[in-house]
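Here are my comments on the model you asked me to look over. They are set out as numbered points, chain by chain and then for the contact.

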Amino acid sequence: MTDWLSPEEWTAVRLSLKVAFVAMAASLVPGIAIALLLERGRFWGRQFLDVLVHLPLVLPPVVVGWFLLIGFGRRGPIGSFLAEQFGIVFSFRWTGAALACAIMGFPLLVRAIRLSIAAVDRKLEDAAGTLGAHPVWVFAVVTLPLIVPGIIAGMVLSFAKAMGEFGATITFVSNIPGETQTIPSAIYTYTQVPGGESGAMRLTLVSIAVSVAALWLSEWLARRMRGRIHA
Amino acid sequence: MLDVDIQHRQGAFSLNARFQSDGKLTALFGPSGSGKTTVVNAIGGLVRPDHGRIAVQGRMLVDTKKGVFVPKHRRRIGYVFQEGRLFPHLNVRQNLLFGRWFTPRRERTTGFESVVELLGIGHLLERRPATLSGGEKQRVAIGRALLADPQLLLMDEPLASLDEARKAEIFPYIERLRDEGGVPIVLVSHSVPEIARLATTVVVLSEGRVAASGPASDILRHTILFRQTGLTEAGALIEAQVLRHEADFGLTVLQAGAGTLTVPLLDHPTGSRMRVRLRARDIILSLHEPKGMSALNVLPGFISSIEEAEGPSMDVQLDCGGDALVARVTRKSIAELGLKPGLHVHAIIKSIAFDPDALGGAKPENM
């Protein structure tokens, strides 16, 4: 296997998996919170928040990358604050790639979770309330278990989106081998040099394999969950 | 003790309900849209009434004047919903124990085993709700509410979604709960047979108002209160004791204050007490003691009053040896027989008028 992919290619694959995993994990809790807020919340500015969350879905990725560059770059207002206060640096680091992927995948994550929240029978939550459960407990022991299939679907979408993210990542953190060169960036690089076709093909196959595996895993998990609820 | 006095608007519907009850089982009766469910939702904390007060066992749960509104999870009021609402991701045992997690340890008085035994659900504990029948689901839902040790148990048409066989399966459990359970029950129903069998106190709702409330035996014989949904089912409710069985004829003889009643064979043991519903439409009045008639039940008594009923009929209220009966009679018969308060008459009832619906188990103090 190690012979099949070059060390540089392996680095890109490992980095892609790391970036995608971190992007998915980091956006999970905010994703559930925002989905809950959008589906259940009645507050001023809900429409605005809804549009904001969905923007990465419709904007050109390069625009999102550009916003990240001016916002989270070393001189950007958020980027410089985080760097000075917490030593967290995004620009030209793998963390920046993860941030870009998280933001690009966020609308997909939120949509999937939001749909599953909308499908929850609120009467069950009322029933839990009459049994003495505080609303926080109702969420933890009734709502959350019932939306797990939606959460899994959202996580897979977020992960898959992160594996394929290219435009925002390359705009924000460039294409540095070993640091920010994910699979799509590496494929892009291969296509820019003569004789790079075989390398591009190998990485493409890896990319397909990872995506199919993720989809298969999510199907399996979702089926298991449905089985537990309905059988 | 339940004390309700609330006003609430919901779209075009306005509710103005005021009643008190200290019955073991209070039935809220009324046609669809009369506000029954809104009242129990207000008691349970699922609806916040616009104005008014709700107190249960002396504890103020809602008082809009004082800004009191106890949230549902702090009310300690059990709620059995029409559709059960069992948690689909938990098995029966976990559903039953759900409320217990949130009950302070020292207030956990209801025993798990005794509830499981009372409701006959021991064999279901490891099953998922999706695999239960409608009747089993409702029994589990009742158990789940009981195990949270509520101060009051609300039941919103718990039998409405069940067929007759499943209803017959649940009735005895609710009767046992009423007679042994200790927790007072508020039952929403639009079925006269159901409340005749189960209720000790009846509150009749009509278009968002309380049309009448009081002991079940007092309310049920005013058939006019049930004109929208239960006119043909309304009637007197009396207590009787099983005197003997006449198995050869397939009959059971009951002793009531009014006299003996012969009914189709029952499987209650001799001496056991039960409540009997005598539908107003099933009673015939005669001025003289009838001879040579096939009807086996003849109860002598006096006319206590005559009330308006629907259309050509009137309700003749009777006092038969202390038992209050009611007969629906046409105006024409009243005029021809010269029926008036104080007159001595005989009430005649065919034995087959007593269908199983009309005969339920009861403890004497719950009449």
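The points below take up chain A, chain B and the contact between them in turn.

1. Everything that follows should be read with the reminder that this is a predicted model, and the values quoted are computed from its coordinates.

2. Chain A is built with 10 helices and zero strands, and reading along its sequence accordingly gives the pattern α-α-α-α-α-α-α-α-α-α. Taken along the principal axes, the C-alpha atoms of chain A fill a box of roughly 70 × 45 × 30 Å.

3. As for packing within chain A, 40% of its 231 residues count as buried. Where contacts join residues at least 6 apart in the sequence of chain A, 75% of them link residues at least 24 apart.

4. One helix of chain A deserves a separate remark, namely α4, which covers residues 77-86. Of the 10 residues in α4(A) the number buried is one, and a residue is called buried here if 20 or more other C-beta atoms lie within 10 Å of its own; the helix therefore lies largely in the open. The residue that follows α4(A) is G87(A), and its phi is positive, near 70°.

5. Chain B has a secondary structure of eight helices and 21 strands. Its radius of gyration is 22 Å, close to the 21 Å that the globule rule gives for 367 residues, so chain B is as compact as a globular protein of that length. The C-alpha trace of chain B spans about 65 × 50 × 30 Å along its principal axes.

6. Within chain B, buried residues make up 46% of the 367 residues. Of the contacts in chain B with a separation of 6 or more, 66% are accounted for by residues 24 or more positions apart.

7. What does each chain bring to the contact, counted in residues? Chain A gives 18 residues and chain B gives 20 residues. On the side of chain A that touches chain B, at least two residues are supplied by each of α6 (122-130), α7 (135-164) and α10 (197-230), and the largest share, six residues, comes from α6(A).

8. The make-up of that same side may also be of interest to the reader. The residues of chain A that touch chain B divide into 10 nonpolar, five polar and three charged.

Notes
Residues numbered from 1 in each chain as written. Chains lettered and ligands numbered in written order. Predicted model: local features only at pLDDT ≥ 70, side-chain atom pairs only at ≥ 80, totals over all residues. Contact = placed C-beta atoms within 7 Å. Helix = DSSP H or I, 4+ residues; strand = E, 2+ residues; numbered from the N terminus. Nonpolar A, V, L, I, M, F, W, Y, C, P; charged D, E, K, R; others polar. Rg over C-alpha atoms; globule rule 2.2 N^0.38 Å. Buried ≥ 20, exposed ≤ 12 C-beta atoms within 10 Å, placed from the backbone.
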